[in-house]
Amino acid sequence: MSDYVTRQIDGGAPRSPPATAARAMPALLHLLHLPMTRFVVRRTAYALLSLFLLSLTIFFFVRVTGDPAMLLVEPGASPDDIAAIHHQFGLDRPLWVQYWLFMSSLFHGDLGQSFYYQTPVMGLYLSRLPNSIELAAAAMLFSLVIGIPAGILAAVNVGRFWDSIGKLFTLLGLSMPSFWVGLLMILLFSVYLGWLPSSGAGTPWHLIMPAFALGWYFAAAHMRLTRSSMLEVLGSEYIKLARIKGLPQTLVIAKHAFKNALIPVLTLAGINLVLMINVAVVVETVFAWPGIGRLLYEGIAFRDFPVVQGVVIMGGAMIVTVNLLIDIVYALIDPRIRLGS
Amino acid sequence: MAGPPLLELDRLSTHYIAAQGARVVRAVDGVSLRVEAGETLGIVGESGSGKSTLALTLLRVLPPAARIVGGRMLLDGEDLVQKTEPEMQDIRGKKIAMILQDPMASLNPLFTIGNQVAEPIRVHEHETRRTAWQRARALLNAVRIPSPEARVKQYPHEMSGGMRQRIVGAIGISCEPRLLIADEPTTSLDLTIQAQYLNLLRELQRQHGLALIFITHNLGIVAKMCDQLAVMYAGRVVESGPVSRIFNAPVHPYTKALLNAIPRMDDPDRRLNAIEGQPPNLAALPPGCSFAPRCALAMPRCREAAPPEFTPEPGRTAHCWLAEPAAAAGRLIVSGAV
Amino acid sequence: MSIPAEIARRSSPLAAVRKVRMRDYPVIPLAILGIVTLVAIFANQLAPHNPEVGILTARFKPPFWQHGGSTEYLLGTDQLGRDVLSRLIFGARISMVVGFTAVIFAGALGTFLGILSGYLGGWVDQVVMRLTDTWLALPALTFAIFLAAIVGPSMWNIVIILGVTYWTRYARVIRGEVLALKEREFVRLAIVAGCSKWTIMRHHILPNVINSAIVLGSLMLGVVIIAEATLSFLGVGVPPPQPAWGLMLSDGKQGLMVGYWWLTVFPGLGIMLLVLSANLLGDWLRVKLDPQLRQL
């Protein structure tokens with residue numbers, strides 16, 4: 001909503017000066033006054049501010065809620081040991097120095113050393129990322145293949161049988177925790193039926209259940225959006241005109257309504273793909289899928305604090321960046337956003 | 001006026017029905033009308049008088065809650081109410097076409113103009129893509145879109161409102177229909193473009209021998225465009241007949257009130273009379289004549305029984321007790337008083 | 001067209017369904033929530049066994065209707081020989097307490113900041129909204145896991161963490177409502193009458209946004225219950241040996257591959273029923289209390 005508000009404010013701001021004045025200005029200044037450039041600059045500034053606040057939040061919570069050194073040492077360690085660790089990790093320096101060091105290493109792509117693996121966190125993260133992307137892509141595919149047709153079916157039969165079935169499906173999707181869905185699937189397909197492997201990665205068979213469990217919730221979300229977006233399109237004047245032209249119902253829906261209704265769904269899917277990469281921790285834990293979610297879980301289990309912190313920072317950065325890109329792409333496509341009219 | 005008319009509506013009724021049938025809205029209620037080939041019928045009335053529902057009924061593209069509950073609509077003697085949905089699909093766009101109110105929203109933003117103009121030609125006449133697009137360019141030319149060659153490849157947002165409305169018009173005539181329904185096609189256009197568009201419609205009508213149903217609340221447009229006029233109030237046609245006759249000697253008090261509400265250039269000092277009272281609630285119409293609560297001339301019987309159709313003179317109808325032959329003598333005096 | 005379209009919208013079958021639901025109370029969700037609440041309150045009286053202590057010789061007993069089960073342990077026992085039914089009953093208490101307190105905590109924080117941000121505007125608004133943006137940049141669950149991992153597991157820590165994580169949703173919605181309220185006549189009159197900002201916020205703004213906060217809260221209840229179960233499942237939530245449902249599912253994994261299904265099915269069913277009821281109730285309240293929130 002704040003995006004919406006900022007856009008409104010953008011629209012109220014004075015537009016670029018008249019062309020004659022602009023020509024007289026240096027080229028760079030001229031560029032700065034183009035609405036698109038101003039929009040991108042503003043959005044980027046907000047994104048950077050978000051990232052800054054994010055780093056500050058994480059840094060603050062880690063230092064204030066407990067002594068990170070206590071996570072490292074065995075319970076009952078001597079004060080000398082703790083002091084040594086403080087010195088080793090620079091925890092005895094002033095807070096602002098610590099924050100400066102934390103930020104400057106972040107800018108160099110350094111997320112610190114893993115306590116457990118004794119290797120850089122960034123390396124660990126990058127080695128797990130492809131698996132997460134693979135899982136998220138499969139889950140996304142599943143959620144769209146289920147969600148879009150179900151949403152269309154519900155919209156075309158609004159208020160009737162298939163719509164009610166769809167509503168039930170959405171409710172279940174939102175009410176069943178994904179890890180429970182995963183566990184039930186293991187019980188059915190691995191234990192009783194013996195069809196699918198219960199854990200690990202490597203073959204397409206390994207991918208099926210985690211993708212389903214992760215995609216389950218999102219299928220419900222995509223269905224709900226497809227339904228409402230389709231309903232909106234079906235009520236539009238151009239659909240009325242398509243029917244008035246004498247087009248068969250299938251053509252009206254498949255050609256005229258489908259493409260228009262899909263735009264918001266695909267936008268949400270883009271955001272959700274990034275979200276899936278970052279919320280897969282429970283599903284990856286259930287199926288022992290070696291992605292970044294599993295890395296986060298291991299970080300928690302082994303009290304490997306730099307890993308937990310690194311995964312969270314990277315997740316936030318990924319989401320902020322993608323949101324920024326989506327905003328910019330939208331502004332490029334739709335001049336109404338750019339100009340705020 | 002020999003032979004059957006192109007379109008004849010016989011006591012046609014369309015109601016909106018709530019799920020449990022608890023509330024019924026009589027949007028179109030017992031409407032009888034005739035449209036001859038090549039003729040223009042104007043339908044006027046306030047918003048909510050059922051004009052647009054009537055138009056949608058003719059094409060049977062009603063919203064899910066609306067049902068045709070009675071009557072017949074004969075196109076060349078064939079009853080459209082009895083047609084199956086596939087049969088209606090062959091009629092829509094081919095025999096009866098329609099132009100919607102909002103040109104800005106009527107075109108699909110994701111497809112090119114050519115695609116949308118050629119579409120009915122491909123569906124109804126099974127033309128190849130090539131031929132259909134050729135005809136689409138010719139149609140754009142016919143509705144005075146400059147450089148149709150380039151325009152067919154453009155998208156709706158690249159055009160002005162007037163141009164889009166002309167494109168919607170081109171889609172309407174693309175399969176040379178017998179009847180074109182125009183539902184307030186000019187309300188969103190500015191005045192000059194409005195006039196241009198009306199001229200264009202008239203020209204197309206002459207060239208193709210189209211019958212035109214013109215739905216509007218603008219009596220000025222009716223005077224300019226139409227041969228016949230039907231005045232709708234609360235889902236019913238309260239008065240119909242030739243435009244010139246109705247304008248000169250309206251029978252129904254509602255028609256008189258509407259005519260009194262037109263500003264006139266030749267008599268700027270004349271008082272404009274707004275119609276008093278609230279527009280009727282279609283879900284709870286009073287017994288008797290539905291205009292009676294707002295009618296200055298209402299008599300006790302108006303509140304008891306709805307007036308049937310009277311024929312004040314050949315070719316005209318009126319649903320008003322004042323038009324009853326016995327009351328006709330008194331009517332002259334009354335109309336002088338208004 | 002405007003009037004028939006309006007009528008069509010109002011008289012669609014969906015509207016009729018909505019009307020029926022407006023009239024009739026959502027019986028099933030209310031009944032489930034009522035039963036779970038009673039079970040949570042009278043857990044001590046209802047539970048047949050101690051939920052945290054088991055008999056090791058009675059490990060992995062199946063529910064009574066299966067071969068090897070007994071009516072002593074109606075729904076079987078877990079890997080430590082603890083009674084599943086008793087753990088489910090006490091688990092309901094944890095889910096309800098965490099769910100409600102976290103929702104109320106998040107609601108109070110979010111509503112307070114939302115009102116401040118919306119009414120005062122200016123730099124307060126900027127700060128709160130930037131903070132909300134940043135908070136929302138992270139998936140809430142990841143953030144909660146991160147916080148839980150550093151502060152360590154305990155039930156009340158989880159309540160605070162979930163409150164701190166989910167307040168942003170309230171803040172955004174409430175701020176939007178306050179912006180609209182600010183322009184209303186009665187607020188302007190209060191300003192003219194010389195009421196202090198604090199008085200206006202407390203006596204004029206708060207009562208008008210409380211409905212939305214309640215609706216949001218009922219919708220958040222399901223989200224928060226799932227979040228608590230997830231944290232417990234991952235081992236950063238309610239610590240063992242307390243019988244949180246998420247923890248039971250985590251323990252149940254040990255018996256999953258050998259087919260001890262009752263350890264996985266029952267706690268999950270509990271979560272699902274509770275969340276489903278909360279969602280249904282939330283939907284109903286949304287329609288009932290605040291038509292403007294239908295889009296949420």
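This passage describes the strand order, helix packing, burial and salt bridges of a predicted model.

In chain B, seven strands form an open sheet with mixed pairing, in the order S6-S7-S8-S3-S9-S10-S11. Strand S6 (96-99) and S11 of chain B are the edge strands, each pairing on one side only. Within the sheet, strand S3 (residues 40-44) and strand S8 (residues 211-216) of chain B run parallel and are joined by five bridges. In this pairing, B:Ile43 has B:Ile215 of S8(B) as its bridge partner. Helix H7 (residues 161-173) of chain B packs on the sheet, where it touches S6 and strand S7 (179-183) of chain B. The direction of H7 makes about 175° with that of S6(B). Another helix, H11(B), lies across S3, strand S9 (228-233) and strand S10 (236-242) of chain B, and runs at about 105° to S9(B).

In chain A, helix H15 (residues 292-301) is largely enclosed by the rest of the structure, because eight of its ten residues are buried. The buried residues of H15(A) are A:Ile292, A:Gly293, A:Leu295, A:Leu296, A:Tyr297, A:Glu298, A:Gly299 and A:Ile300. A:Arg303 follows H15(A) and has a positive phi, near 50°.

Over all chains, the structure holds 30 salt bridges. One of the pairs in chain B joins B:Glu313 to B:Arg245, with an N to O distance of 2.7 Å. B:Glu313 lies in the loop between helix H11 (253-260) and strand S11 (317-318) of chain B, whereas B:Arg245 belongs to helix H10 (residues 243-248) of chain B, so this salt bridge ties together parts that are 68 residues apart in sequence. Both side chains belong to partly exposed residues: the relative accessible area is 24% for B:Glu313 and 33% for B:Arg245.

A salt bridge also forms between the side chains of B:Glu149 and B:Arg137, at 3.6 Å from N to O. This pair links distant parts of the chain, as B:Glu149 is in helix H6 (residues 148-151) and B:Arg137 in helix H5 (residues 129-142) of chain B, twelve residues apart.

In the salt bridge between B:Asp10 and B:Arg11, the closest N and O atoms are 3.1 Å apart. B:Asp10 counts as buried because its relative accessibility of 18% is under the 20% limit. B:Arg11, at 57% relative accessibility, counts as exposed because that value is over 50%. Elsewhere in chain B, a network of salt bridges links B:Lys94, B:Glu125, B:Glu127 and B:Arg135.

Conventions
Residues are numbered from 1 along each chain as its sequence is written. Chains are lettered from A and ligands numbered from 1 in the order in which they are written. This is a predicted model: local features need pLDDT of at least 70, side-chain atom pairs count only at pLDDT 80 or more; totals for chains, interfaces and linings use all residues. Side-chain values use heavy atoms; hydrogens and water are left out. A salt bridge is a side-chain nitrogen of Lys or Arg within 4 Å of a carboxyl oxygen of Asp or Glu. Buried means under 20% relative accessible area, exposed over 50%, partly exposed in between (1.4 Å probe, protein chains only). Helices (H or I, at least four residues) and strands (E, at least two) are DSSP runs, numbered from the N terminus. Two strands pair if DSSP finds at least two bridges between them. Contact means heavy atoms within 4.5 Å. Axes are lines fitted to C-alpha atoms, for helices over the stretch in contact, and angles run from 0 to 180 degrees between N-to-C directions.
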